[in-house]
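Please look through the model shown below with a view to how its rings, helices and strands are placed against one another. The report after it takes up these topics in turn.

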Amino acid sequence: MPKGDRCSPKGTSEGLFPLRRGKLKVFKTAPDGREQILHFIFPGETFAEVALFAGRAYPASAQALEASAVAFIPREGLFRLIKKRTDIAIKLLAGTALWVRRLTDLIAEYSKAVPSRLAGYLLAEALRQRPTALTDGARVRLAVNKGELAAHLGTVAETLSRAFGKLRDEGVIEVEEREITIKDLAALRDWLEP
């Protein structure tokens with residue numbers, strides 16, 4: 001799947017999509033054309049579970065953020081496999097529960113100020129990238145560009161830039177293009193409060 005390719009199917013789900021390589025965004029488009037990024041998909045993660053198990057249309061679209069390889073597991077084959085291997089069903093349920101949790105957290109985040117949302121994203125991304133190295137001086141490489149990050153955080157690029165500036169000016173982070181250094185981890189965690 002080349003960078004920029006979109007998948008916006010209209011019919012009901014015919015299978016499950018594991019991401020083998022690359023990076024995707026899953027998003028909804030408002031009537032005015034604005035995108036709300038619901039989540040990012042990284043290698044080893046799947047998408048389209050809701051449509052697959054509900055037997056309904058896909059609730060969102062996906063787009064490659066870089067050259068990506070996506071596998072396809074047909075619905076009927078997956079269901080036959082689940083009947084033989086219930087451990088697979090449990091893993092799919094756990095994955096679906098994780099997405100529900102992420103969407104619930106996303107909705108809760110919108111009640112917070114943008115710097116607080118940014119702090120939460122930076123901490124989560126630092127843990128995703130280096131789970132054992134979360135200390136003062138930890139470096140985080142933004143997995144997406146700032147426009148995509150703004151859409152994910154439910155804001156616009158200008159407001160996101162001001163939030164980065166606020167955290168930088170208070171000595172919490174240092175920003176060098178897409179590389180963020182967490183200078184004061186405790187202060188960054190303090191920003192999680194609304």
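A residue is called buried under 20% relative accessible area, exposed over 50%, and partly exposed in between, with a 1.4 Å probe and protein chains only. At 70% relative accessibility, Glu 177 therefore counts as exposed. This is a predicted model, in which local features need pLDDT of at least 70 and side-chain atom pairs count only at pLDDT 80 or more, while totals for chains, interfaces and linings use all residues. Residues are numbered from 1 along each chain as its sequence is written, and side-chain values use heavy atoms, with hydrogens and water left out.

**Hairpin and sheet**

Helices (H or I, at least four residues) and strands (E, at least two) are DSSP runs numbered from the N terminus, and two strands pair if DSSP finds at least two bridges between them. Strand S10 (residues 173-176) and strand S11 (residues 179-182) run antiparallel and are joined by 4 bridges; Val 175 has Ile 180 in S11 as its bridge partner. The two strands form a hairpin with 2 residues between them. Glu 177 lies in the loop between S10 and S11, and its phi is near 60 degrees, a positive value in a residue other than glycine.

The hairpin strands belong to an open sheet of 3 strands in the order S9-S11-S10, with antiparallel pairing. Strand S9 (139-141) and S10 are the edge strands, each pairing on one side only, and the twist from one strand to the next averages 20 degrees. Angles here run from 0 to 180 degrees between N-to-C directions, and axes are lines fitted to C-alpha atoms, for helices over the stretch in contact. Helix H4 (residues 114-129) lies across S9, S10 and S11, running at about 95 degrees to S9.

**Phe 164 and its surroundings**

Phe 164 has its place in helix H6 (residues 157-169) and, at 4% relative accessibility, counts as buried. Which residues is Phe 164 in contact with, leaving aside its neighbours within four places in sequence? With contact meaning heavy atoms within 4.5 Å, they are Leu 118, Leu 142, Lys 146, Leu 149, Ile 173, Val 175 and Ile 180. The charged end of Lys 146 sits over the ring of Phe 164, 4.9 Å from its centre, and Arg 128 lies over the face of Phe 42, at 3.6 Å from the ring centre. For such a placement, NZ of Lys or CZ of Arg must be within 6 Å of the ring centre and within 35 degrees of the ring normal.

**Aromatic pairs**

Rings of Phe, Tyr and Trp (its six-membered ring) pair if their centres lie within 6.5 Å; planes under 30 degrees apart count as stacked, over 60 as edge-to-face and the rest as tilted. A search of the whole structure finds 2 aromatic pairs, set out here.

| Pair | Centre to centre | Angle between planes | Class |
|---|---|---|---|
| Phe 17 and Phe 47 | 5.3 Å | 20 degrees | stacked |
| Phe 17 and Phe 72 | 5.3 Å | 45 degrees | tilted |

Phe 17 lies in strand S2 (residues 15-21) and Phe 47 in strand S5 (residues 46-47), so their pair ties together parts that are 30 residues apart in sequence. The pair of Phe 17 with Phe 72 also links distant parts of the chain, since Phe 72 is in the loop between strand S7 (69-70) and strand S8 (73-74), 55 residues apart from Phe 17. Ring pairs thus link Phe 17, Phe 47 and Phe 72 into a cluster. Phe 17 and Phe 47 are both buried, whereas Phe 72, at 42% relative accessibility, counts as partly exposed.

**Ala 48**

Ala 48 is found in the loop between S5 and helix H1 (49-54). Most residues other than glycine have a negative phi; Ala 48, although not a glycine, has a positive phi of about 85 degrees. Ala 48 is buried, with a relative accessible area of 16%.

**Helices H2 and H3**

The axes of helix H2 (residues 75-84) and helix H3 (residues 86-109) come within 5 Å and cross at roughly 115 degrees. In their contact, Leu 78, Leu 81, Ile 82 and Lys 84 of H2 meet Thr 86, Ile 88, Ala 89 and Leu 92 of H3. These residues divide into 6 nonpolar, 1 polar and 1 charged, where Ala, Val, Leu, Ile, Met, Phe, Trp, Tyr, Cys and Pro count as nonpolar, Asp, Glu, Lys and Arg as charged, and the others, Gly among them, as polar.
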